[in-house]
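Welcome, and thanks for taking a look at this one with us. Please have the structure open as you read; the notes below go from confidence to cores to a few local details.

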Amino acid sequence: MAPEDHEGATSLLQSFERRFLAARALPSFPWQSLEEKLREPSGSELLLAILQKTVKHPVCVQHGPSLKYSRCFLSKLIKKHEAVPMEPLDALYEALAEVLMARESTQCHRSYLLPSGDSVTLSESTAIVSHGTTGLVTWDAALYLAEWAIENPAAFTDRTILELGSGAGLTGLAICKACYPRAYVFSDCHAQVLEQLRRNVLLNGFSLELHTPIDSGSPKVTVAQLDWDEVTSSQLSAFQADTVIAADVLYCGEVTLSLVRVLRMLTDCQRKKAPDVYVAYTIRSQDTGKLFITELDRAGIHWEEVAPHTGKLFPYEEHSAIVILKLTLTGRHGV
């Protein structure tokens, strides 16, 4: 295999691996590129390699996506295989048979590979809105902020991090595994989200026991219930956060106003130095972020857009317009 062909196959394998483990929509997979590669002499080897990087991946075997998702994926892969003149690959049909005979679990998982070779695995709801909340799934801005954090670990290393609206916990778990914070506080207000968060924290090997000895490289992790409309300055101050983050929480005007209220209280907390704040959001319309920026200006909170990072680790919508704002909390404001 020529070097450029090998590089192309490696890139294709990585794309299939990352998208499958994260259970991304099947149309987003590079099927056209696969069809072209399957016409080459090494097509059978490539299909077997894809099988090992997806359905047979060690992470997937332990915590895989839904059986329905795996079934649809394998059916699509077999269809591509049968469209090319080559010997039938029994391994593909055997894998599909195993999935068809398996019993569907009440839990499905998404996994995201880190540069270290470790991974973040999340138990998530299959519905975008479940139990009355959008916090049970991972949104693109959370993936984008996690990528930025991994490229900029100095913003989090040996610091206490407070995350507002943690959702399924992807961003925080990636930071805990890759950026070595001193302590990390996940927070949300919805009971179902908090329950899911605790499960995901434990699933990824972190302890929530306050008095359990912690390894030298492991941060102290807390899951806190935080209602932005009811929280007080003293409660926020008790977290002693050096850095505050939030991702994709600007989904309606009411929530945006509540977030700015929290940011103003963080400004008022009796501390020598206000925390650094990073807010990531996906621009879904012209109004997304506009109200937030207007309210930041009104509150006297300085903001600046963070330069895009270079590496793309996680599979999210490539054409998504995602912004990270760094906020400077200075001055004092009434709440």
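In this predicted model, strand β3 (residues 160–164) has the highest mean pLDDT among the elements of the protein chain, at 98, while helix α1 (residues 3–21) has the lowest, at 85. Over the whole protein chain the mean pLDDT is 88, and 89% of the residues reach 70 or more.

**Where to read with care**
- Residues 128–136 stay under 50 in pLDDT, and the model has 24 contacts beyond four places in sequence for them.
- Residues 331–335 also have pLDDT under 50 throughout, with 14 contacts beyond four places in sequence in the model.
- Where pLDDT is low, the predicted coordinates should not be read in detail.

**The chain as a whole**
- The protein chain has 12 helices and 9 strands, and 51% of its 335 residues count as buried.
- Among contacts with a separation of 6 or more, 73% join residues 24 or more positions apart.
- About 16,400 Å² of the protein chain is exposed, and carbon and sulfur atoms supply 51% of that area.

**Two nonpolar cores**
- The largest nonpolar core has 43 residues, of which Trp148, Phe156, Phe186, Ile245, Phe314 and Ile324 touch the most other members.
- Helix α7 (residues 140–151) gives the most to this core, contributing 9 residues.
- A second, separate core holds 32 residues, including Leu162, Val244, Leu259 and Leu266.
- Which residues does Ile324 touch, not counting those up to four places away in sequence? Its contacts are Tyr144, Leu145, Trp148, Tyr278, Val279, Ala280, Glu304, Glu305 and Val306.
- As general background, nonpolar side chains tend to be buried together in soluble globular proteins.

**Helix α12 and its two sides**
- Phe292, Glu295, Leu296 and Ala299 are the buried residues to look for in helix α12 (residues 290–299).
- These residues lie on the same side of α12 because they cover an arc of only 105° around the axis.
- Lys290 and Arg298, on the other side of α12, are exposed.
- The cover over the buried residues of α12 includes α11 (253–268), β7 (276–282), β8 (302–305) and β9 (322–328).

**Just past α12**
- Gly300, just after α12, takes a positive phi of about 75°.
- Ile301 sits in the loop between α12 and β8. Is Ile301 buried or exposed? Ile301 counts as buried because its relative accessibility is 3%, and the cut-off for buried is under 20%.
- Leaving aside neighbours within four places in sequence, Ile301 is in contact with Leu263, Arg264, Leu296, Leu327, Thr328 and Leu329.
- One of these partners, Leu329, is 28 residues from Ile301 in sequence, yet the two are 5.7 Å apart in space, C-alpha to C-alpha.

**The β1–β2 hairpin**
- Strand β1 (residues 108–113) has 5 of its 6 residues buried, so β1 is largely enclosed by the rest of the structure.
- β1 pairs with strand β2 (residues 119–124) in the antiparallel sense, over 6 bridges.
- To find the register, start from His109, whose bridge partner in β2 is Ser123.
- The two strands form a hairpin with 5 residues between them, and Gly117 in the turn has a positive phi of about 100°.

Conventions. Residues are numbered from 1 along each chain as its sequence is written. This is a predicted model: local features need pLDDT of at least 70, side-chain atom pairs count only at pLDDT 80 or more; totals for chains, interfaces and linings use all residues. Side-chain values use heavy atoms; hydrogens and water are left out. Buried means under 20% relative accessible area, exposed over 50%, partly exposed in between (1.4 Å probe, protein chains only). Helices (H or I, at least four residues) and strands (E, at least two) are DSSP runs, numbered from the N terminus. The arc is that of the directions from the helix axis to the C-beta atoms. Contact means heavy atoms within 4.5 Å. A nonpolar core is a set of buried Ala, Val, Leu, Ile, Met, Phe, Trp, Tyr and Cys residues joined through side-chain atoms within 4.5 Å. Two strands pair if DSSP finds at least two bridges between them. pLDDT is the predictor's confidence in each residue, from 0 to 100. Accessible areas come from the Shrake-Rupley method with a 1.4 Å probe; for residues, only the protein chains shown count as cover.
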